[in-house]
Amino acid sequence: MLSVPTLISGRRRDAPPADPVLRAYLNEQLAAATGLGEQLRRAAAMEVLVAERTTLLRVRREVGADRAALRTAMRRLGASTDWAVVGAGWLAAHASRLSPLLHRLPVVDRVAGALPATHPSREAVVEALITLEDVVGGLHRRAVAARLLGELVARQGAEWTAGVRGLADRAQAQRDEVEAAHRRCATPLLNS
């Protein structure tokens, strides 16, 4: 029977507090998913990736849905959200915007000088490739973590675990799609 506070709030009580190590791990994964969403947003906004925009925005929406499934799993496992960790992940994603500046070394100008003149700027191509490589790495990390989370929630046997069990395969498919976009973006470099 539901308690009066549950009936008033319309929500069931969360699980008892999770092990602090599990809580920390899940919050790190939540922060990584937050940062990945920001990286995908930035990649989709790049002019040189306009041909890949639909794919990148769809993957971003899927990552957002997967992030929501992770938050549900956290709540059900009793792992409260540590907003400081999530905020740090968001800040790290925004700080990664500085990464292309670090790659603008004289060697980049010499190597990228082989690009055809009709292609967008050499710096834009290099920046897009680096951004997509960061996204591919983030998606791979998510797939590995989702496999572990899937094993963890499989023990629960509850209906809510269905949303978590498919995350690993979905992250792998997303990674493959973004890696294909990376390959297409790299074509000018490969054909020179």
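In this predicted model, helix H3 passes helix H9 in a left-handed crossing, and this pair is a good place to begin looking at how the helices are arranged. Two packed helices are described by the angle between their axes and the distance between the axes. For H3 and H9 the angle is about 160°, and the axes lie 11 Å apart. Angles over 145 degrees count as roughly antiparallel, and H3 and H9 are therefore roughly antiparallel to each other. On the side of H3, the contact is made by Thr55, Leu56, Arg58, Val59, Glu62, Val63, Ala65, Asp66 and Ala69, while H9 brings Leu167, Arg170, Gln174, Glu177 and Val178 to it. Sorted by character, the residues of this contact of H3 with H9 comprise seven nonpolar, two polar and five charged.

Helix H3, which covers residues 53–77, also packs against helix H2, which covers residues 20–45. Here the angle between the helices is about 165°, with the axes 9 Å apart, and that makes H2 roughly antiparallel to H3. The crossing in which H2 passes H3 is left-handed, and the residues of the contact between H2 and H3 divide into 15 nonpolar, four polar and six charged.

A third partner of H3 is helix H7, and these two helices pack at an angle of about 30°, with their axes 12 Å apart. Since angles under 35 degrees count as roughly parallel, H3 and H7 are therefore roughly parallel to each other. Their crossing is left-handed. From H3, the residues that make the contact are Leu56, Val59, Val63, Asp66, Leu70, Ala73 and Leu77, and from H7 they are Leu132, Leu139, Arg142, Leu149, Leu152 and Val153. The residues of the contact of H3 with H7 divide into eleven nonpolar, no polar and two charged.

After the contacts between helices, we can turn to the spaces that the atoms leave free. Rolling a probe the size of a water molecule over the atoms shows where empty space is left. The structure holds two cavities of 30 Å³ or more, and the largest cavity has a volume of about 170 Å³. Of the 14 residues that line this largest cavity, Gln29, Leu70, Arg142, Ala146 and Leu167 are the closest to its centre. Two or more residues of the lining are given by each of the elements H2, H3, H7 and H9, where H9 spans residues 167–190. By character, the lining of the largest cavity divides into ten nonpolar residues, one polar and three charged.

The last feature to examine is the largest pocket, in which about 180 Å³ of space lies. It is lined by 15 residues, and those closest to its centre are Ala32, Gly35, Leu36, Gln39 and Arg141. Helix H2, helix H4 (83–95) and helix H7 (122–154) each supply at least two residues of the lining, and the largest share, seven residues, comes from H2. The residues that line the largest pocket divide into six nonpolar, seven polar and two charged.

Notes:
Residues numbered from 1 in each chain as written. Predicted model: local features only at pLDDT ≥ 70, side-chain atom pairs only at ≥ 80, totals over all residues. Heavy atoms only, no water. Axes fitted to C-alpha atoms, helices over the stretch in contact; angles between N-to-C directions. Helix = DSSP H or I, 4+ residues; strand = E, 2+ residues; numbered from the N terminus. Parallel < 35°, antiparallel > 145°, perpendicular 65-115°, else oblique. Left-handed = near helix turned anticlockwise from the far one by under 90°. Nonpolar A, V, L, I, M, F, W, Y, C, P; charged D, E, K, R; others polar. 1 Å grid on protein atoms, 1.4 Å probe; cavity = no way out; pocket = protein on both sides within 12 Å on 5 of 7 lines; lining within 4 Å. Points joined across faces, edges and corners; volume = space filled by probe spheres on them. Contact = heavy atoms within 4.5 Å.
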